[in-house]
Amino acid sequence: MKKFIVILAIFLADFAFAQTMYINNIKADLMDPQTKKVVGEIYEGTSVEVLKKDGDMSLVQISGAVSDTNKKVVALKKDPFFVFYKLNDKDAQSKDTFLVKTKELTDDELTSWEEIDLTYYDTCSSCHAAHKPKEHLMSEWEAYLLAMQTFAKINDKEKDRILRYLQAFAKDGVVKE
Ligand code: HEC
């Protein structure tokens, strides 16, 4: 019994410490925990497990699937669907830890999507009512957006950002409203 309580206490302490937070900026720098050098970039709305808060910086763990076509990219699925982050030089791992600036994190998932939510409705509702992300699967949004890119006059960066938003909120996306 005593042993069980000790194990439970350790489990709860661990659990209370790791907190899920979300990137609250179009993109944020990922830094190496040892060298503190910028090694890549992570995109808005991506969920991270905060292991330690250390003033301006937070040590975070990110899990995902390394893309088959680009080993520096980690996404929700391999294809890649819904990109989490990209490294500059090193090949990525399915689970890794980085430093990010604490001010670029929020504990509220919907807050992290607020800005692109507005941009989406601005960009995609001038000709027809904006289509709700939940109307389609993640894979379908990629094709639709490609077809709409010239209509909406958006560059590839803007297209990729809107695609991440649509895939996150898609029928099979990660955001549960
Ligand atoms: C300049 C006008 C215009 C803009 C801007 C525009 N669309 Fe469209 N969209 C259309 C037209 C016209 C159709 C129907 C004809 C077609 O499918 O090509 C359409 C069809 C669609 C469909 C298919 C509906 C269906 O069920 O077949 C989707 C999804 C869609 N748009 C999404 C978007 C998204 C996302 C954006 C923003 C990136 C966007 N549209 C911006 C004109 C526009």
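Start at the ligand and look at the chemistry of the shell around it: the residues there divide into 8 nonpolar, 4 polar and no charged. Keep in mind as you click around that this is a predicted model. To see the shell for yourself, select T123, C124, S126, C127, H128, H131, Y144, L145, M148, F151, A152 and I162, the residues around the ligand. Now colour by helix. α2 and α3 each supply at least two residues of the shell, and the largest share, 5 residues, comes from α3.

**Next stop: helix α2**

Select residues 109-124, which make up α2. Put a distance between the C-alpha atoms at the two ends and you should get 22 Å. That agrees with expectation, because 16 residues at 1.5 Å a residue should span 22 Å. Then turn the helix side-on and find E115. What is centred on E115? A kink of about 40 degrees in α2.

Stay on this helix and show the side chains of S112, W113, I116 and C124, which are buried. You have already met C124, as one of the residues around the ligand. What do the buried residues of α2 pack against? Bring up β1 (19-23), β10 (105-106), α3 (138-152) and α4 (156-168), and you have their packing partners.

**Zoom out: two domains**

Colour 19-106 one way and 110-169 another; these are domain 1 and domain 2. Their C-alpha centres lie 23 Å apart. Where they touch, the contact takes 11 residues from domain 1 and 9 residues from domain 2. On the domain 1 side, highlight β1 and β8 (81-87), each of which supplies at least two residues. The largest share of that side, 3 residues, comes from β8. As for chemistry, the domain 1 residues touching domain 2 divide into 7 nonpolar, 3 polar and 1 charged.

**Last stop: D68**

Select D68, in the loop between β6 (65-66) and β7 (73-77). Is D68 buried or exposed? Count the other C-beta atoms within 10 Å and you get 10, so D68 is exposed, given that the cut-off for exposed is 12 or fewer. Before you leave, add D79 to the selection. D68 and D79 are 11 residues apart along the chain, and their C-alpha atoms are separated by 6.9 Å.

Notes:
Residues numbered from 1 in each chain as written. Predicted model: local features only at pLDDT ≥ 70, side-chain atom pairs only at ≥ 80, totals over all residues. Helix = DSSP H or I, 4+ residues; strand = E, 2+ residues; numbered from the N terminus. Expected span 1.5 Å × (residues − 1). Bend = angle between axes of the 7 residues up to and from the residue. Buried ≥ 20, exposed ≤ 12 C-beta atoms within 10 Å, placed from the backbone. Contact = placed C-beta atoms within 7 Å. Domains from an automatic or database assignment. Nonpolar A, V, L, I, M, F, W, Y, C, P; charged D, E, K, R; others polar. Near = placed C-beta within 6 Å.
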